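Here's a quick tour of one model, taken a piece at a time. Have the structure open and follow along.

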Amino acid sequence: MKCSSCSSVSTIYDQGNVFLRSARGDEISMAYDNKEQLFDLLNKLEISDEEQYVRITGHSDPFQMDSDYIPLSNFKTRLEHSDLIAIISRRKFCSHMQPIISAKDEKIYAYEFLLRPLPGEPDFQPFQLFDVARQSGLHSFLDRQARISAIETSARKLPHGIKRFINFLPSSIYNPNYCLSHTFEAIEKYNLDPSDFVFEVVETEKIDDVNHLQNVFDVYRQSGIRVALDDVGAGFSTTQLVEELKPDFVKIDRDIIRNCEQGAGKQRVIQAIVDTAQSYNGIVLAEGIERLEEWEYLKHAGVDLGQGFLFGSPQLEPIDYT
């Protein structure tokens with residue numbers, strides 16, 4: 001089985017044949033001698049109202065079928081951003097860890113895993129990498145590989161009992177029972193406890209289909225994993241959405257946290273989020289904490305967990321926080 005939103009990462013040969021197919025099934029093929037010529041060729045193609053699809057083969061074997069047809073727009077993005085596509089396809093990234101602190105005892109409760117460049121490899125901005133992945137049809141592939149990277153890193157560097165927060169894109173999970181099977185297999189492979197994992201909706205995702213996200217949450221929970229909703233109080237994540245989804249963890253947006261001890265408006269939003277979460281025993285996490293004054297206020301307001309530069313920046317190794 002293959003999710004309809006998934007796309008393979010096929011090779012773009014220096015020399016080869018390009019096949020163009022319309023949605024009606026009409027197909028033409030052309031040869032090219034270098035990638036610049038291939039790009040020029042695609043730009044000169046007459047684009048009709050009908051979606052067109054592309055695949056290529058290498059000159060060494062013009063009949064090989066190792067390349068799937070993908071939308072022309074996706075293919076052109078892969079050519080335009082070949083450097084970032086190489087990072088995605090070769091998994092030239094790693095997971096950094098940022099500590100999450102308990103308000104109860106000021107000890108490390110968890111780490112959030114964040115995608116970062118692999119040491120010694122080309123630099124990139126995570127948001128840019130995911131943006132190119134989305135435009136090229138590879139966001140499901142990247143999202144899955146990023147989750148697996150975080151799981152593998154946690155297996156090497158964290159003891160049992162420490163929670164691991166890992167981001168995911170709901171739009172990359174077409175069929176939760178299948179698309180998440182790779183995640184569950186990785187957790188089982190490293191003999192990890194599913195209850196140590198918390199998967200959170202990445203903040204850039206607009207939640208258009210609440211029922212789909214609830215289904216994703218249910219599949220996670222059926223495997224013993226807990227879920228989190230990020231950036232609550234700003235953007236797409238509202239207290240109403242919290243009431244509908246009842247995530248195990250509710251993460252307050254960092255813009256609300258900034259100087260929160262000084263602003264009555266921010267304090268009302270924080271209190272509303274805390275009250276909503278407490279109504280169903282949800283755990284509240286404030287992110288983006290940079291000042292002790294913010295943390296002291298948040299603890300007084302009933303926030304359970306804190307994350308931010310006050311406690312530590314994302315690093316390759318877990319910190320010794322006391």
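## A hairpin to start with

One thing to know up front: this is a predicted model. Let's begin at the hairpin that strand 5 and strand 6 form, with five residues between them. In that turn sits Glu106, which has a positive phi of about 60°. The two strands, strand 5 (residues 93-102) and strand 6 (residues 108-117), pair in the antiparallel sense, and nine bridges hold the pairing. If you want a spot to check by eye, look at Ile100, which stands opposite Ala110 in strand 6.

## Strand 6 and its other partner

Stay with Ala110 for a moment, as its bridge partner in strand 7 is Lys163. Strand 7 (residues 163-168) runs parallel to strand 6, and four bridges join the two. So how much of strand 6 is covered? Mostly covered is the verdict: eight of its 10 residues are buried.

## The four-stranded sheet

Elsewhere, there's an open sheet of four strands in the order 2-1-3-4, with antiparallel pairing. Its edges are strand 2 (27-32) and strand 4 (70-71), each of which pairs on one side only. Helix 1 (residues 35-44) packs on this sheet and touches strand 1 (16-22), strand 2 and strand 3. The direction of helix 1 makes about 145° with that of strand 2.

Over at the strand 4 edge, two bridges join that strand to strand 3 (residues 52-58), and the pair runs antiparallel. Here Tyr53 is the residue standing opposite Pro71 in strand 4.

## Two helices side by side

Now for a helix pair. Helix 5 (residues 139-157) packs against helix 7 (residues 181-189) with the axes 10 Å apart and at an angle of about 15°. An angle under 35 degrees counts as roughly parallel, so helix 5 and helix 7 are roughly parallel to each other. The crossing of helix 5 past helix 7 is right-handed.

Who makes the contact? On the helix 5 side the residues are Arg144, Arg147, Ile148 and Ile151, and helix 7 brings His182, Thr183, Ala186 and Ile187. Sorted by class, this contact has four nonpolar, two polar and two charged residues.

## Arg156, out in the open

One last residue in helix 5 is Arg156. Is Arg156 buried or exposed? Its relative accessible area is 59%, and exposed means over 50%, so Arg156 is exposed. Arg156 and Tyr190 are 34 residues apart in sequence, with 9.1 Å between their C-alpha atoms.

Note on methods:
Residues numbered from 1 in each chain as written. Predicted model: local features only at pLDDT ≥ 70, side-chain atom pairs only at ≥ 80, totals over all residues. Heavy atoms only, no water. Buried < 20%, exposed > 50% of the residue type's maximum accessible area, 1.4 Å probe, protein only. Axes fitted to C-alpha atoms, helices over the stretch in contact; angles between N-to-C directions. Parallel < 35°, antiparallel > 145°, perpendicular 65-115°, else oblique. Left-handed = near helix turned anticlockwise from the far one by under 90°. Contact = heavy atoms within 4.5 Å. Nonpolar A, V, L, I, M, F, W, Y, C, P; charged D, E, K, R; others polar. Pairing = 2+ DSSP bridges.
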